[in-house]
Amino acid sequence: MMKMPQSCRHALLTIEVALCLVFGLLTDTWAPGASPGTQTVLRVPEDFPTIQAAIDAAAEGGTVLIGPGLYKENVQITKSVRLIGAGQEQVQMQATDESKPIIHVQSKAPIQVYFQGLTLGDLTLSLEQVLQMPPPDLITPAFLPRTGLFVAGPMIQTFVRQVTVGGLGGGIWIRSFSFEEFVHYLFQPSAIFEEVRLTHNAIGLGVENAQGFILRSVIEENFDGIWGFKGSLFLHHSVVRRNQQTGVNLGVRDGPYLIGHISDNEIAQNGIGVYLAAWKEGSWVEISSNRFIQNGQYAVVAQDPTCPYVLNFVPKEIP
């Protein structure tokens with residue numbers, strides 16, 4: 001029997017723990033007449049006119065059910081909560097202030113957040129329109145302008161299911177507060193994406209100093225589909241196609257350890273299918289059982305650690 005590397009076993013354990021913690025939030029019930037901060041199930045717009053008001057009134061680990069409609073808000077989340085929309089086609093969220101994320105999750109303490117049945121951004125915008133937009137006036141931005149979901153903090157566990165994000169500078173961005181090695185290795189935030197669609201974004205998904213697990217999702221027609229830096233990325237049973245620069249761009253500075261597993265995906269018609277960059281030897285990515293189809297430059301590029309990291313080619317037009 002082939003022995004599984006310790007890092008692989010750790011990755012699988014991380015998925016199981018994250019799923020248990022996130023789905024542990026599904027058992028809450030509503031306490032009728034409860035005071036603000038103690039209600040476990042709240043409805044928008046029936047109980048509260050805005051999503052933010054419902055989140056503020058929800059108990060730790062509570063649920064906010066969002067009815068059909070267009071909601072223009074910049075939502076802040078600092079506690080464990082579940083946001084469940086009536087469906088991707090029925091619930092759309094856009095920012096009132098484009099210099100801030102539509103949904104901003106931030107905490108220095110461990111929390112779990114769950115999102116389902118939503119669309120973030122404006123799907124009527126083409127990628128060309130998104131790339132031509134001038135960035136908002138930000139002095140030191142911690143995230144890309146026009147970000148859909150931004151999660152920042154050590155040990156935040158995020159589950160995103162049946163969510164569409166499009167027409168934004170940064171679709172979804174997951175990162176830790178710190179780049180310190182101790183925080184990087186032991187306290188990375190983790191995010192699980194299932195049946196997610198990311199389209200017409202400058203960067204579809206950014207995983208920075210974090211762990212990302214993508215399952216049965218579609219990442220298409222972004223400039224960069226998935227951008228990972230100093231973290232771990234596990235991509236399975238998904239479609240990554242027609243992204244102008246790269247389908248998957250994964251870079252690491254530290255190691256040695258497993259930084260990714262890319263398997264059973266269709267990776268098609270991207271500028272480059274998978275681009276791997278390292279600043280020193282030792283870490284590794286497992287790539288297996290994928291279908292690489294008509295990628296414009298290369299299916300896979302593995303950069304020599306002694307070479308400077310440069311990726312600024314002019315992508316060919318993909319018919």
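Student: Why does Phe 229 count as buried?

Tutor: Its relative accessibility is 17%. Buried means under 20% relative accessible area, exposed over 50% and partly exposed in between, with a 1.4 Å probe and protein chains only. Since 17% is under 20%, Phe 229 is buried. This is a predicted model, in which local features need pLDDT of at least 70 and side-chain atom pairs count only at pLDDT 80 or more, while totals for chains, interfaces and linings use all residues. Residues are numbered from 1 along each chain as its sequence is written, and side-chain values use heavy atoms, with hydrogens and water left out.

Student: What makes the pair of Trp 227 and Phe 229 stacked?

Tutor: Rings of Phe, Tyr and Trp (its six-membered ring) pair if their centres lie within 6.5 Å; planes under 30 degrees apart count as stacked, over 60 as edge-to-face and the rest as tilted. The ring centres of Trp 227 and Phe 229 are 5.9 Å apart and their planes stand at 25 degrees, so both conditions are met and the pair is stacked.

Student: How do you know that Trp 173 and Trp 227 form an aromatic pair, and of what kind?

Tutor: Their centres are 5.6 Å apart, with 25 degrees between the planes, and the pair is therefore stacked by the rule just given. Trp 173 lies in strand β11 (residues 170–175) and Trp 227 in strand β17 (residues 224–229), so the pair ties together parts that are 54 residues apart in sequence. Strands (E, at least two residues) and helices (H or I, at least four) are DSSP runs, numbered from the N terminus. Trp 173, Trp 227 and Phe 229 form one aromatic cluster. A search of the whole structure finds four aromatic pairs.

Student: Why is Trp 173 called buried?

Tutor: Its relative accessible area is 8%, which is under the limit for buried residues, so the term applies. In the protein chain, 55% of the 319 residues are buried.

Student: What makes a set of residues a nonpolar core?

Tutor: The members are buried Ala, Val, Leu, Ile, Met, Phe, Trp, Tyr and Cys residues joined through side-chain atoms within 4.5 Å. The largest such core has 57 residues, of which Ile 77, Leu 83, Ile 103, Val 105 and Phe 115 touch the most other members. Apart from it lies another core, of six residues, including Ile 84 and Phe 213. In soluble globular proteins, nonpolar side chains tend to be buried together.
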